[in-house]
Amino acid sequence: MATSNNDLRIDYVEFNVSSIETAKAFYGSAFGWSFTDYGPNYCEFDDGRLKGGFTNLAVPRPGGPLVILYADDLEAAQQGVEKAGGRIVRPITAFPGGRRFHFSDPDGYELAVWTKA
């Protein structure tokens with residue numbers, strides 16, 4: 001399998017927000033970000049260089065956005081996390097556009113890894 005330029009690099013940052021509309025209004029006004037809505041619970045932002053998301057499916061965690069890495073081979077990435085001592089906290093699940101899993105590192109930080117559908 002050929003690897004992409006994004007393989008095993010930070011690719012996305014996700015914020016849990018109490019209101020997607022409020023987050024869009026703030027970041028759009030303050031920084032000029034653009035947005036793509038994916039239903040009532042998710043919105044992608046684009047700052048012109050990095051994309052990320054706002055979701056209202058979990059409570060806001062100030063100081064704790066979800067850092068998301070990209071992997072060409074999601075299963076191999078999960079095996080690598082487990083072999084290195086990481087703990088899978090959310091198994092591989094599908095979402096519109098891809099699949100991902102969440103893990104915690106040895107210090108308890110939660111990160112995610114995703115791949116395209």
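The following legends describe close-up views of a predicted model.

**Figure 1. Helix 1 and its length.** Helix 1 covers residues 20–31 and contains 12 residues. From its first C-alpha to its last it reaches 16 Å, close to the 16 Å expected at 1.5 Å a residue. Glycine 32 follows helix 1, and the phi angle of glycine 32 is positive, near 75°.

**Figure 2. The buried and exposed residues of helix 1.** Ile20, Ala23, Lys24 and Tyr27 are the buried residues of this helix. Viewed down the axis of helix 1, these buried residues fall within an arc of 100°, so they line one face of the helix. They pack against strand 2 (34–37), strand 3 (42–46) and strand 4 (51–55). On the other side of helix 1, the residues Glu21, Thr22, Ala25 and Ser29 are exposed.

**Figure 3. A salt bridge within helix 1.** Glutamate 21 and lysine 24 form a salt bridge, in which the closest N and O atoms are 3.5 Å apart. The two residues are three residues apart in helix 1 and are therefore separated by about one helical turn. Their surroundings can be described by relative accessible area: glutamate 21 is exposed, at 53%, whereas lysine 24 is buried, at 15%.

**Figure 4. A salt bridge between strand 7 and strand 1.** A search of the whole structure finds five salt bridges. In one of them, the side chains of arginine 100 and glutamate 14 meet at 3.0 Å, N to O. The pair links distant parts of the chain, since arginine 100 belongs to strand 7 (residues 98–104) and glutamate 14 to strand 1 (residues 9–16), 86 residues apart. Arginine 100 counts as buried, with a relative accessibility of 14%. Glutamate 14 is also buried, and its relative accessible area is 5%.

**Figure 5. A salt bridge between helix 2 and strand 7.** Glutamate 75 forms a salt bridge with arginine 99, and the closest N and O atoms of the pair are 2.8 Å apart. Glutamate 75 lies in helix 2 (residues 74–83) and arginine 99 in strand 7, so the contact ties together parts that are 24 residues apart in sequence. At 35% relative accessibility, glutamate 75 is classed as partly exposed. Arginine 99 is partly exposed as well, with a relative accessible area of 28%. Elsewhere, salt bridges that share partners join Glu21, Lys24 and Asp37 into one network.

**Figure 6. A stacked pair and an aromatic cluster.** The structure holds 12 aromatic pairs. One of these is formed by tyrosine 27 and tryptophan 33, whose ring centres are 4.6 Å apart and whose planes meet at 15°, so the pair is stacked. Tryptophan 33 counts as buried, at 16% relative accessibility, and Tyr27 is among the buried residues of helix 1. Both residues belong to a cluster in which ring pairs link Phe15, Phe26, Tyr27, Trp33, Phe35, Phe45 and Phe54.

**Figure 7. A tilted aromatic pair and a charge over a ring.** The rings of phenylalanine 95 and tryptophan 114 have their centres 6.1 Å apart and their planes at 50°, so this pair is tilted. Phenylalanine 95 lies in strand 6 (residues 87–95) and tryptophan 114 in strand 8 (residues 110–116), so the pair ties together parts that are 19 residues apart in sequence. Phenylalanine 95 is partly exposed, with a relative accessibility of 32%, while tryptophan 114 counts as buried, at 16%. The ring of phenylalanine 95 has a further partner: the charged end of arginine 100 sits over this ring, 6.0 Å from its centre. Arginine 100 also takes part in the salt bridge with glutamate 14.

**Figure 8. The contacts of asparagine 16.** Asparagine 16 is found in strand 1. At 16% relative accessibility, asparagine 16 counts as buried. Not counting residues up to four places away in sequence, asparagine 16 touches Thr55, Ala58, Val59, Pro60 and Arg61.

Methods: Residues are numbered from 1 along each chain as its sequence is written. This is a predicted model: local features need pLDDT of at least 70, side-chain atom pairs count only at pLDDT 80 or more; totals for chains, interfaces and linings use all residues. Side-chain values use heavy atoms; hydrogens and water are left out. Helices (H or I, at least four residues) and strands (E, at least two) are DSSP runs, numbered from the N terminus. The expected span of a helix is 1.5 Å times one less than its number of residues. Buried means under 20% relative accessible area, exposed over 50%, partly exposed in between (1.4 Å probe, protein chains only). The arc is that of the directions from the helix axis to the C-beta atoms. Contact means heavy atoms within 4.5 Å. A salt bridge is a side-chain nitrogen of Lys or Arg within 4 Å of a carboxyl oxygen of Asp or Glu. Rings of Phe, Tyr and Trp (its six-membered ring) pair if their centres lie within 6.5 Å; planes under 30 degrees apart count as stacked, over 60 as edge-to-face and the rest as tilted. A charge sits over a ring if NZ of Lys or CZ of Arg is within 6 Å of the ring centre and within 35 degrees of the ring normal.
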